[in-house]
Amino acid sequence: SELFSYTEEPELSHNRRCFEEDFHTQVPNRRWLELARAQQKAYVMRLLDGLEVVNRDKRLRVARAILYLAQGVFGDCDNEGDVLHWSRHNSFLLYQLGTFSAFLELLNMEIENSQACSSALRKPAISLADSTELRVLLSVMYLLVENIRVEQETDPPEWKSCRETFRMELSFPVHTEEPFALLLFTMVTKFCSGHAPHFPMKKVLLLLWKVLLFTLGGFEELQAMKVRRREELGLPPLPEDSIQVVRGMRAASPPTYTIELVEQQQQQQQQQQQKQRSHRSRRPLMKQDSLDIYNERDPFKNDEGGVDEEENDDVDSGMEGELDLMERDTIIPVMPAQRLPIERVSFPKGLPWAPKVRQKDIEHFLEASRNKFIGFTLGQDTETLIGLPRPIHESVKTLKQHKYVSISDVQIKNEEELEKCPMSLGEEEVQETPCEVLYRAMLYNLPQYMIALLKILLAAAPTSKAKTDSINILADVLPEEMPITVLQSMKLGIDVNRHKEIIVKSISALLLLLLKHFKLNHIYQFEYVSQHLVFANCIPLILKFFNQNIMSYITAKNSISVLDYPHCTVCDLPELTAESLEAGDNNQFCWRNLFSCINLLRILNKLTKWKHSRTMMLVVFKSAPILKRALKVKQAMMQLYVLKLLKIQTKYLGRQWRKSNMKTMSAIYQKVRHRMNDDWAYGNDIDARPWDFQAEECTLRANIEAFNSRRYDKAQDSEFSPVDNCLQSVLGQRLELPEDFHYSYELWLEREVFSQPIRWEELLHCQ
């Protein structure tokens, strides 16, 4: 439903009309659902032939008819289930008959359509009408990708093989030199550069996200790939499945604020007396699901609800402070009778995560111990314990039991060896995975892609102010005729806000997906993307995004459920009024916005983890109060990533901050993984001393550049072969071109030659 804006609703009936006019002339007195498979195939083949005509309007009518098929021939269906069933059935049929390849050619034509670009550039205001052809093409491609990507148990074997073929076609270039995702990245950069302001960015970004999800795999597949890779490298299995651990977590109460503390202090003595009286006669306890905490008092409707929760928490934990917080169930009042029973989750006792220790941590510990007891060190030797007291032996044994070697550690070590001994170790064997192919294709324009994505994210963020120099991301949502009535204005306002939310959702999801897959494929690929995100100010951008009323954002009601596809195609629409639009739907949360927030927090975690200079950026940009406000959202997964970000900077926030935020410190201890000798809570760590931030980033950058040049800047001949300096003989050499070169030659010429500025002064210097 997010693919279609509410302003596109009239186009649904237009698509149906285009299909039915053509269908009834070819197959009179029949419905699409009644045709045999062979007849359906014959009709689709006829439609695809219609895409070859020169007349642009005729081509668009045929494309609309194909879009109606992909949308599930809703005119013949009675309910939403039927629409989705036929959308899926038709998507497989369309793909098997070559629709995707045909639409890919049309998409390339539209991208290169300079007439449409110049017409859009001349217009003072761009509307839906400027991107009609692109929207139809992208909608069909999105529906094919999304329907084929999702597996169902009832899928016939033919569909399963079809899915694998499609995945291969999208992952590995067939007729071009680039994977399909790169074409979409190019559309994003072209839009941001101002050359094509009419591109429908929401559809491009949604399609790009789904293509990456299909070709690279989602988080479940990523976890399975990680397990396999660890087995291949001979590393011990992971201590736990992080996805399952997070699913089993419960949300904590939000931290107390200063105003609440004043109220608490006034009643503290009275509460302690009540506590002592009621300590023995305690009411029955109930376990609580992560989002159930909303049951009795909705903090979104009444901000003061948090005060009572905080006080109750303090009352209940006052006498039992020595108990491990995870060992007892959350104490809440009995739920109101009118609420439906919710599935209960049994939570394990103790801390949720197994502690981890790095090799470097063991080395630091032994270095400090040897300096203290012996007076000299043995470098990286972690085996020799002679002269150290017995407790140190026990400590080292415990540290080694929890030692964790990551795939990244192995990759960094291999890279160091390849740099040291390039001749003796020979060529590195690189697996040709979809992730590797994508990185190689993105490599040289990767900074532009990251900047473009962050520019759009900034324009779509709810905290952004409209500026004259910011890009217009509303080209594919604004109608040709602006609203006249109050009702139309309200509907458009909701549509615009929803449009921005969907853009934030798709960008946050695809960035996180890229970071996680590149990290598994090779750590320096991940570091390269991370560094360019940091250079493009991603850290302050995400903090700016969270510097808003995050509760309002998570509970925003920017959707009109009766207008959502496929509901609007099969149900009679009720009359919309200003009151019904203002009331919104009955959902307590906007899951889309919660998803975006969690993704952005995870991206921030990925960028700052183990990077002292970037952690200091969090401190400098005063992220602690912003993040602490985000803890008010009582969703366990979101809280976990907020607490992780707070944990890495606690040692730099000073003793007073830690003293006045003990509730947050307890939550960190309770929910975030422990590093055994990480002194995060006290600030006595060696890392808390001043160091050269710039040197850390420069060393990392040098390592990334060495990796990229070694693996991707290979010359065809060995560097030791003689150089031919004769111009005539060099120009006279015959080059072996790949068979499919003529397919992409014009595209390559446009991108690499015509669109690149010629620096004549450099040519003069060469002379």
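The following dialogue examines how terms are applied to this predicted model.

Mentor: Residues are numbered from 1 along each chain as its sequence is written, and side-chain values use heavy atoms, with hydrogens and water left out. In this predicted model, local features need pLDDT of at least 70 and side-chain atom pairs count only at pLDDT 80 or more, while totals for chains, interfaces and linings use all residues.

Trainee: Why is the pair Arg-135 and Glu-8 called a salt bridge?

Mentor: A salt bridge requires a side-chain nitrogen of Lys or Arg within 4 Å of a carboxyl oxygen of Asp or Glu. The closest N and O atoms of Arg-135 and Glu-8 are 2.9 Å apart, so the pair meets the definition.

Trainee: What makes this pair a link between parts of the chain?

Mentor: Arg-135 lies in helix 7 and Glu-8 in the segment before helix 1 (9–26), so the salt bridge ties together parts that are 127 residues apart in sequence. Helices here are DSSP runs (H or I, at least four residues), numbered from the N terminus. Glu-8 and Arg-135 also belong to a network of salt bridges with Glu-11, Arg-64 and Lys-203.

Trainee: How do you know whether Arg-135 and Glu-8 are buried or exposed?

Mentor: Both residues are buried. Buried means under 20% relative accessible area, exposed over 50%, and partly exposed in between (1.4 Å probe, protein chains only).

Trainee: Why is Glu-21 assigned to its accessibility class?

Mentor: Glu-21 has 43% relative accessibility, so it counts as partly exposed. Glu-21 forms a salt bridge with Arg-61, with the closest N and O atoms 2.4 Å apart. Glu-21 lies in helix 1 and Arg-61 in helix 3, so this pair joins parts 40 residues apart in sequence. Arg-61, at 38% relative accessibility, is likewise partly exposed.

Trainee: What makes the pair Arg-46 and Asp-22 a salt bridge?

Mentor: The N to O distance is 3.5 Å, and the pair therefore satisfies the same cut-off. Arg-46 is in helix 2 (residues 37–50) and Asp-22 in helix 1, 24 residues apart. Arg-46 counts as partly exposed because its relative accessibility is 36%.

Trainee: Why is Arg-230 said to have no salt bridge?

Mentor: The nearest side chain of opposite charge, Asp-409, is 7.6 Å away, so the cut-off is not met, although Arg-230 is buried. Charge is assigned by residue type (Lys and Arg positive, Asp and Glu negative; His and the chain ends not counted). Arg-230 is placed in helix 11 (residues 219–232). Beyond its neighbours within four places in sequence, Arg-230 has contacts (heavy atoms within 4.5 Å) with residues including Leu-235, Tyr-404 and Ile-407.

How values were computed
Helix = DSSP H or I, 4+ residues; strand = E, 2+ residues; numbered from the N terminus.
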